[in-house]
Amino acid sequence: MIPSIHKPGSNTAGAIGYLYRTGRGHEAHTDPHLVASFDGLAPDPARDPGATFKQLASYLDLPVEAVDPAERPNQPVWHCSVRAAPEDPVLTDTQWADIARRMVHATSIAPEGDDGACRWIAVRHADDHIHILATKVRQDGTKPRDSYSYKRAQTEARQIEVDYGLRRVTPGDGTAAKRPTRAETEKAHRAGRQRTPREQLRATIRTIVAVAATPEEFFHYLASSGMKVEVLRFPSGDIRGYKVALDGDTNAAGQPIWFSGSTLAPDLSYPQIRARLTATEPVTAAGARRPNPWYQATAATERIPYHLAGTEDAASQAHIAAFAEALDALPLRAPTNLRPQLRQAAIDFERASRSRIQADHHHARALRGAIHAIARRPIGGDSAGIAMFLDAAILAAMAIQRWHAARHHNQQVEATRRTLADLQAAYDQAAPAPLADLAQRQPSQSAIERHAQRIRRTIPTHADQILNDPTWPALATTLTDAETTGHDPTQLLHQAADQRALDDARSPAQVLTWRLQRLSQRTPLSPLARAAQARSTVLPTVRNGADTATSQPAARPSDPDNRRHR
């Protein structure tokens, strides 16, 4: 059950007219009628032929009109809608009346047993929700103490769900983006839009933030986006913010309906955007050699679980925010058939990208830099690179879900769960073709047996699962390719075999294939360097005054790249 406290109003009769209106533009309104009022005696224009909207409005406005005009609130109309979930049973009028009384009590609009409380009515014009209207002057002439009414209403809704056996809504932490209002949703429906202007603008701004490398580039992309844009400045001329409007979205006076960045989402205010962009790794200048950005993005994404395992929550939140930006940018350069799932993944993860923990964005420069480089590449890109990134993204999302769960970020956990399903669907489309190409080049039987022995020695706990996986021929080809280019396959397996990732993976063989593909792109060590590395794995340890040789692993299994990263 979701209660929503709407903006206060100044026209009681107008608000009542909206609730009772039916027909064109209000097709969702069916049989509007009162289910409750503060005294049970309010006139109902839907049931009493002699009652009018004006009479009902005057009935509510009486305490407002009774006080001195100088003391009247400019916007005395309090409006709260309460909506049940689609899967909830249809509640009776009596049940909705009880819910309305509980809401006005919880928000201090009309505490139970308080004869001097505000006047209010509850109107039902659909099966799944009611609207509560009140005037914010109490009958004793004072103002209600309704501070924090939104939080109070949410708390009461959670208890109502328990009492009525309704769907339990996950409590939030106050960092969610504002939902579209009922009026915005109905207006978008009439205009034939699938999403409201608020949602369209939010998605567009998030994509622009993801691909922009500097604040100047952000405003450049903003100006060329097709939206109406107004940059807000201080008297000094410095930028203090921006607001945007969707072309063709106007109010009754024909004026554009503007949204500031902060009203679209908490992290889309200009100060928040500037903080992220000024912490971003600069894009390499034209002509400079840079590794495949898909490999770079994959490497940075693979490291997200290790960052989240650290003790710095601000750094972890920064990596989560950067991961969200990667998902926002990905549909721009992905093949057409993958875009629907990737767009949905970005939309679903938006809620998981924020929490009460403030991000220190200097900790996520590598992933942002790689995403900016990808955004400048041709559409379609490297199919193997995209599949490789999605494989790493699935494992990162699992780690992010655990991180949020450990901190009781319940809405973020649910959003990440939906994101995982989206990413898995995209991966299932992206991976088969490049894996099939590798499998077609599988090496000789003797090479396959040699690689199988390496797998059993290096990754004994997952060896049977890997060798029986349909992807094993592709992994064997990858090991042969690495060996042909001068790499030590055993050394690469040590680097790639992260126990947590293999435990999480649906197919450890595919995880290893993509990791080895990326790691084998590096320049292989020379024989002298390889010999020196081998010697460094035997370190002296002093025991009882004597030196004892202790074997050390060639690579730190907790980090596939075996080095510190930001």
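**Exercise 1. Which helix holds Ser58? Then place Ser58 relative to Ala13.**

Step 1. Note that the model is predicted. Ser58 sits in helix α2, residues 53–66.

Step 2. Check its accessibility. Ser58 has a relative accessibility of 44%. Partly exposed covers the range between 20% and 50%, so Ser58 counts as partly exposed.

Step 3. Compare sequence with space. Ser58 and Ala13 lie 45 residues apart in sequence. Their C-alpha atoms are 8.1 Å apart.

**Exercise 2. Describe the start of helix α1, its buried residues and their packing partners.**

Step 1. Look at the start of α1. A side-chain oxygen of Asn11 comes within 3.2 Å of the backbone nitrogen of Ala13.

Step 2. List the buried residues. Helix α1 spans residues 12–20. Thr12, Ile16, Gly17, Tyr18, Leu19 and Tyr20 are buried there.

Step 3. Find what they pack against. The partners are the strands β2 (33–37), β3 (77–83), β4 (120–126) and β5, together with the helices α2 and α5 (182–190).

**Exercise 3. How many residues of β2 are buried, and which residue of β4 is the bridge partner of His33?**

Step 1. Count the buried residues. Five of the five residues of β2 are buried, so the strand is largely enclosed by the rest of the structure.

Step 2. Find the pairing. β2 and β4 run antiparallel and are joined by four bridges.

Step 3. Name the partner. In β4, Arg124 is the bridge partner of His33.

**Exercise 4. Work out the strand order in the sheet that contains β6, β7 and β8, and identify the edge strands.**

Step 1. Write the order. The open sheet has three strands, in the order β6-β7-β8, with antiparallel pairing.

Step 2. Find the edges. β6 (228–233) and β8 (259–260) each have a single partner strand, so one side of each has no neighbour in the sheet.

Step 3. Examine one pairing. β7, residues 239–245, is joined to β8 by two bridges. Val244 stands opposite Phe259 of β8.

**Exercise 5. Where do Tyr148 and His408 lie, and are they buried or exposed?**

Step 1. Recall the background. Most residues other than glycine have a negative phi.

Step 2. Check the backbone angles. Phi of Tyr148 is positive, near 60°. Phi of His408 is also positive and near 60°.

Step 3. Locate both residues. Tyr148 is in the loop between β5 (129–135) and α4 (149–164). His408 is in the loop between α15 (383–406) and α16 (410–430).

Step 4. Apply the cut-off. Exposed means over 50% relative accessible area. Tyr148 has 65%, so Tyr148 is exposed. His408 has 62%, so His408 is exposed.

**Exercise 6. How many disulfides does the structure hold, and are Cys80 and Cys118 buried or exposed?**

Step 1. Give the count. The structure holds zero disulfides.

Step 2. Check the two cysteines. Buried means under 20% relative accessible area. Cys80 is at 0%, so Cys80 is buried. Cys118 is at 2%, so Cys118 is buried.

**Exercise 7. Summarise the whole chain by its elements, burial, contacts and surface.**

Step 1. Elements: the chain has 24 helices and 10 strands.

Step 2. Burial: 49% of the 566 residues count as buried.

Step 3. Contacts: take those with a separation of 6 or more. Residues 24 or more positions apart account for 72% of them.

Step 4. Surface: about 27000 Å² is exposed, and carbon and sulfur atoms supply 51% of this area.

How values were computed
Residues are numbered from 1 along each chain as its sequence is written. This is a predicted model: local features need pLDDT of at least 70, side-chain atom pairs count only at pLDDT 80 or more; totals for chains, interfaces and linings use all residues. Side-chain values use heavy atoms; hydrogens and water are left out. Buried means under 20% relative accessible area, exposed over 50%, partly exposed in between (1.4 Å probe, protein chains only). A disulfide is a pair of cysteine sulfur atoms within 2.5 Å. Contact means heavy atoms within 4.5 Å. A polar contact is a pair of N or O atoms within 3.5 Å; within protein, one must be able to donate a hydrogen and the other to accept it, and residues adjacent in sequence count only if both atoms are side-chain atoms. Two strands pair if DSSP finds at least two bridges between them. Accessible areas come from the Shrake-Rupley method with a 1.4 Å probe; for residues, only the protein chains shown count as cover.
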